[in-house]
Amino acid sequence: EGIVRPHGTQMVAPLHSPGVLLFHLVLSLSVCVVLSLLINPELCSSPWMRPTFRFCLQLQRNLFFFPRWNGMHMAMHERTTKVMALVLPVQPSSTMGWKGVQYLQMERPWLSLYGTRIRPVSPVGSLSSNPPVDPALIHRALPDELLYEVFAHMAPYTLGRAACVCRKWQYGTRSPALWRNACMKTWQTSGAEENERIVWSCYGGSWRRMWRDRPRLRFDGLYVSRNTYIRAGISEWKVTNPVHLVCYYRYTRFYPSGRFLYKVSSSKLKEVAPSLHGRVSKPDAVYNGCYIVSHDQVKAAILYPGLRPTVLRIQFRIRGTVPGANNRLDMVSLVTSGLNEAEVNCHAEELLRTVEDWEENETHNPDVPAVSHRRGLSSLVFVPFEEVETSELNLPVERMDFFVPG
């Protein structure tokens, strides 16, 4: 079978066609004739030698090139293997008559979809009596009930990526039951009744809209802030006055239950992430605390044990670079205060309720004054666990001397 060509180019036969095989056979015959003339020059005077040689040359030309097909448009034959040839125009030569033709073969499997009319498919749970035929193999092999079960086990952000695959998956991921479960898990400390009241009073009964527009904390990664300060070094021989750029990080991971992990370290993100992701049996210098969320404000409390127990009170503000991202935490305040013996022995949740209404300069231990920190309040950037190894927060100080979270 030949290959369809554009108008104005020569068509080349496939290497396995009978025409090409016959061409090589005639070429071998011509070579034998020329060798016979070189070996025995007396054959040149034979009356049949000149017509035989001329016949071989003409037959080679007719077998190598197909005739020109004028007015033919580019098409694809159903029996071919979806292969197109990009053929260069031939040029005449003074010796052999025509030069060889070069062409490039390219696979075009999507050409089989031309002329196919794609009909919209019914969403999951549709009651249509005449569902349209779905051309996708996965949709014909996987029932809608199993597809819904797959969506039910996905994380909310994974559902958003799945909605970009095709129209049917977009309809399937808009099921209210999927987003209701996501909202109930995210705001589980508020209770089911409170969440039901909020979704109907503020978001028109749309759980998906509530998930997108209501400020919330993210639990599929870490919030990280990079802080730097300059420290004077030791001068040598009173000639130079060196300074050091000190860099440290604040790491925070939140849980839906109202608890969170907190760590301050000079180590890079990829070194600290395993200790906050539950991959280390005994994490070093990781503190537990409790938090509460009120609209876009987060109040947290951490107890530092020791000879003089200290409570760390932090207030965050949730925001996002795009709607629904919630990928930034601005540190509004950071205060350390002292505790008395009764407050030290109480539960973490009771401690949070106790210090929630404290004043900024309030302390319950005269030996530990209240200190409101004004430095190291850089905004925390959210980093998903799958991006921990490739995050720019792993860059050294000399390659990233400052970091602006935006």
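## Close-up views around helix H10 and the nonpolar cores

**View 1. The end of helix H10 and the face that its buried residues form.** Helix H10 is followed by glycine 278, whose phi is positive, near 80 degrees, in what is a predicted model. The helix itself spans residues 269-276, and its buried residues are Leu269, Val272, Ala273, Ser275 and Leu276. Seen down the axis of H10, these buried residues fall within an arc of 165 degrees, so they line one face of the helix. They pack against four strands, namely E5 (221-232), E6 (243-254), E7 (259-265) and E13 (380-384).

**View 2. Serine 275, a buried polar residue of H10.** Serine 275 lies in helix H10, and it counts as buried because its relative accessibility is 13%, below the 20% that sets the limit for burial. A polar atom of its side chain lies 2.6 Å from the backbone oxygen of valine 272, a residue that is also listed among the buried residues of H10. Serine 275 is, in addition, one of the residues touched by lysine 263.

**View 3. Lysine 263 in strand E7.** Lysine 263 lies in strand E7, and with a relative accessibility of 10% it counts as buried. If residues up to four places away in sequence are not counted, lysine 263 touches Tyr249, Arg250, Tyr251, Val272, Ser275, Asp284, Ala285 and Val286. Of these contacts, Val272 and Ser275 belong to the buried residues of H10. Strand E7 as a whole is mostly covered, since five of its seven residues are buried.

**View 4. Strand E7 and its two antiparallel partners.** E7 pairs with E6 in the antiparallel sense over six bridges, and with strand E8 (residues 287-294), again in the antiparallel sense, over four bridges. On the E6 side, threonine 252 has tyrosine 262 of E7 as its bridge partner, while on the other side leucine 261 has asparagine 288 of E8 as its bridge partner. E6 and E7 form a hairpin with four residues between them, and glycine 258 in the turn has a positive phi of about 100 degrees.

**View 5. The largest nonpolar core and a second core apart from it.** The largest nonpolar core has 19 residues, of which Leu217, Phe254, Tyr291, Ile314, Phe316 and Leu329 touch the most other members. The elements that give two or more residues to this core are E7, strand E9 (297-304), strand E10 (310-319), strand E11 (328-338) and E13, and E10 gives the most, with four residues. Leaving aside its neighbours within four places in sequence, leucine 217 is in contact with Thr186, Tyr223, Phe254, Tyr291, Val293, Val298, Ile318 and Leu329. Apart from the largest core lies another, of 17 residues, among them Leu147, Trp169, Cys183 and Met210.

**View 6. The whole chain, as context for the close-ups.** The protein chain contains 12 helices and 13 strands, and buried residues make up 34% of its 406 residues. Among contacts with a separation of 6 or more, 56% are accounted for by residues 24 or more positions apart. The chain exposes about 25,900 Å², of which carbon and sulfur atoms supply 57%.

Notes. Residues are numbered from 1 along each chain as its sequence is written. This is a predicted model: local features need pLDDT of at least 70, side-chain atom pairs count only at pLDDT 80 or more; totals for chains, interfaces and linings use all residues. Side-chain values use heavy atoms; hydrogens and water are left out. Buried means under 20% relative accessible area, exposed over 50%, partly exposed in between (1.4 Å probe, protein chains only). The arc is that of the directions from the helix axis to the C-beta atoms. Contact means heavy atoms within 4.5 Å. Accessible areas come from the Shrake-Rupley method with a 1.4 Å probe; for residues, only the protein chains shown count as cover. A polar contact is a pair of N or O atoms within 3.5 Å; within protein, one must be able to donate a hydrogen and the other to accept it, and residues adjacent in sequence count only if both atoms are side-chain atoms. Two strands pair if DSSP finds at least two bridges between them. A nonpolar core is a set of buried Ala, Val, Leu, Ile, Met, Phe, Trp, Tyr and Cys residues joined through side-chain atoms within 4.5 Å.
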